[in-house]
Amino acid sequence: MDIVNTLRTNKTMQRAVIEAVCLVALLVLFYLDTVADMVHLWMNSETYSHGLFIVPLTAVLIFSRLQRKPLKVNASQPLAALGILFFSACWLISELAQINLLAQLSLVAIIPFVVWALYGFKALWQLKSALLFLFLAVPVGDFLIPHLQQITAVLSIAMIEFVGIPVYSDGLYISIPAGNFLVAEACSGIRFLISSITIAIFYALL
């Protein structure tokens, strides 16, 4: 039985899907500024453009799990509200301090606790990998760029020396008889690295 037929026949799952859609809409409205910042980076940064696909891919992962096994909905867990309050406080502090990355991480962290509060721990555990996949939507990775630039420079120098070309290096600057070169941010490979990790994780979860 495919997921469409399952939704038609399973009233509990129908209710869960409707509640999930309403929940996402409420989160977007309540945390509109943070969501807008994330979407802006997805739309304007080639490094983080993969974020546009994270939400639909997460939906694919969730439905693939529901297709194999119906959602295990048990009693709601009020204890999960503590997690919601904690990360909501983290979000508020981040907004006041204008730490966008922490605000975005806090927003995504709220979602698993909301699922736990509404549907219980069994449902949370069943969907844990799909919910963790959502964290890849957070635009994070700029801190890796200087390190990746250094690695690129070291590997480039090693290959140049291997073919016998005289080379002089000063940090990210490389000089050879043909000219001078700089290992720029675009040479760090951060785009390829993040995209590859996202595709690999999605493929593994499937």
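Which residue in strand 3 does Tyr173 stand opposite? Tyr173 stands opposite Leu182, and that pair is a good way into this structure. The model is predicted: local features need pLDDT of at least 70, side-chain atom pairs count only at pLDDT 80 or more, and totals for chains, interfaces and linings use all residues. Residues are numbered from 1 along each chain as its sequence is written, and side-chain values use heavy atoms, with hydrogens and water left out.

**Overall layout**

The chain has ten helices and three strands. Both kinds of element are DSSP runs numbered from the N terminus, with helices being H or I of at least four residues and strands being E of at least two. Read from the N terminus, the order is α-α-α-α-α-α-α-α-α-β-β-β-α.

Of the 206 residues in the chain, 34% are buried. Here buried means under 20% relative accessible area, exposed means over 50%, and partly exposed lies in between, with a 1.4 Å probe and protein chains only. The accessible surface is about 12,600 Å², and carbon and sulfur atoms hold 72% of it; these areas come from the Shrake-Rupley method with a 1.4 Å probe. Taking contacts (heavy atoms within 4.5 Å) between residues at least 6 apart in sequence, 69% join residues at least 24 apart.

**The sheet**

Let us go back to the strands. The three of them form an open, antiparallel sheet in the order 1-2-3. Two strands count as paired if DSSP finds at least two bridges between them. In general, strands of a sheet pair through backbone hydrogen bonds, either parallel or antiparallel. Strand 1 (168-170) and strand 3 (179-182) are the edge strands, each pairing on one side only. On average, neighbouring strands are turned by 20° against each other, direction ignored.

Strand 1 and strand 2 run antiparallel and are joined by three bridges. They form a hairpin with two residues between them, and Gly171 in the turn has a positive phi of about 70°. Strand 2 (residues 173-176) pairs with strand 3 over four bridges, again in the antiparallel sense, and a hairpin of two residues links these strands too. Here are some of the facing residues:

| Residue | Partner | Partner's strand |
|---|---|---|
| Asp170 | Tyr173 | strand 2 |
| Tyr173 | Leu182 | strand 3 |
| Ser175 | Asn180 | strand 3 |
| Ile176 | Gly179 | strand 3 |

Helix 9 (residues 145-162) packs on the sheet, where it touches strand 1 and strand 2, and its direction makes about 15° with that of strand 2. For such angles, axes are lines fitted to C-alpha atoms, for helices over the stretch in contact, and the values run from 0 to 180 degrees between N-to-C directions.

**The nonpolar cores**

A nonpolar core is a set of buried Ala, Val, Leu, Ile, Met, Phe, Trp, Tyr and Cys residues joined through side-chain atoms within 4.5 Å. The largest one has 35 residues, and Leu27, Tyr31 and Leu131 touch the most other members. Helix 6 (residues 100-119) gives this core its largest share, ten residues. Beyond its neighbours within four places in sequence, Tyr31 is in contact with Ser88, Trp91, Leu107 and Ile110. Apart from this core lies another of six residues, including Ile157, Ile160, Leu172 and Val183.

**Three residues worth a visit**

Is Arg65 buried or exposed? Arg65 counts as buried because its relative accessibility is 10%. This arginine belongs to helix 4 (residues 51-68). Its side chain makes a polar contact of 3.3 Å with that of Ser64. A polar contact is a pair of N or O atoms within 3.5 Å; within protein, one must be able to donate a hydrogen and the other to accept it, and residues adjacent in sequence count only if both atoms are side-chain atoms. Leaving out neighbours within four places in sequence, Arg65 is in contact with Gln126, Leu127, Ser129 and Leu205.

Gly51 is also placed in helix 4. With 0% relative accessibility, Gly51 counts as buried. Its C-alpha atom is separated by 7.9 Å from that of Val39, twelve residues apart along the chain.

Gln98 sits in the loop between helix 5 (80-97) and helix 6. Gln98 counts as exposed because its relative accessibility is 67%. Its phi is near 60°, a positive value in a residue other than glycine. Most residues other than glycine have a negative phi.
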